[in-house]
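Thanks for making the time. I have one chain to go through, and I will take confidence before geometry.

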Amino acid sequence: MKIPGLSFSWKRALGITQAKQQFARKTGIPTSKAGLERKVGKAIIKSIFGK
């Protein structure tokens, strides 16, 4: 039985989410799949078209 509006994340509780955010900010490398794909795609387009 779930309480509406209340959720629990074990990753947030262990500090994994915060560690990933700090890593991404310091290195400039996104830790999410979408963010990484966006960054790689931009680099490829930049190298092809030279912008």
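This is a predicted model, and confidence differs between its elements: helix α1, residues 10–14, has the lowest mean pLDDT among them, at 89. Helix α2, residues 16–27, has the highest, at 94. Over the chain as a whole the mean pLDDT is 89, and 96% of the residues reach 70 or more. As a general caution, where pLDDT is low the predicted coordinates should not be read in detail.

Now the overall layout. The chain has three helices and zero strands, so the order of elements from the N terminus is simply α-α-α. How does the radius of gyration compare with the globule rule for 51 residues? The chain comes out at 17 Å, well over the 10 Å from the rule, so it is more spread out than a compact globule. The C-alpha trace spans about 55 × 25 × 10 Å along the principal axes.

On to the surface. Of the 51 residues, 2% are buried. The accessible surface is about 5100 Å², and carbon and sulfur atoms account for 62% of that.

Next, the helices one at a time. α2 has twelve residues, and from its first C-alpha to its last it reaches 16 Å, close to the 16 Å expected at 1.5 Å a residue. After α2 comes G28, with a positive phi near 80°. Helix α3 covers residues 33–49, which is 17 residues. Its reach from first to last C-alpha is 24 Å, close to the 24 Å expected at 1.5 Å a residue. The residue following α3 is again a glycine, G50, and its phi is positive too, near 70°.

Two residues are worth a closer look. P30 sits in the loop between α2 and α3. Is P30 buried or exposed? Neither label fits: its relative accessible area is 22%, and buried would require under 20%, so P30 counts as partly exposed. Leaving out residues up to four places away in sequence, P30 touches A24, G35, L36 and K39. P30 and K20 are ten residues apart along the chain, and their C-alpha atoms are separated by 8.7 Å.

The other residue is V40, which is in helix α3. V40 is partly exposed as well, at 44% relative accessibility. What separates V40 from R12, 28 residues away along the chain? Their C-alpha atoms are 27 Å apart.

To recap, we have a predicted model with three helices and zero strands, more spread out than a compact globule, and with 2% of its residues buried. That is what I had for today.

Note on methods. Residues numbered from 1 in each chain as written. Predicted model: local features only at pLDDT ≥ 70, side-chain atom pairs only at ≥ 80, totals over all residues. Heavy atoms only, no water. pLDDT = per-residue confidence, 0-100. Helix = DSSP H or I, 4+ residues; strand = E, 2+ residues; numbered from the N terminus. Rg over C-alpha atoms; globule rule 2.2 N^0.38 Å. Buried < 20%, exposed > 50% of the residue type's maximum accessible area, 1.4 Å probe, protein only. Areas by Shrake-Rupley, 256 points an atom, 1.4 Å probe, with all protein chains shown as cover. Expected span 1.5 Å × (residues − 1). Contact = heavy atoms within 4.5 Å.
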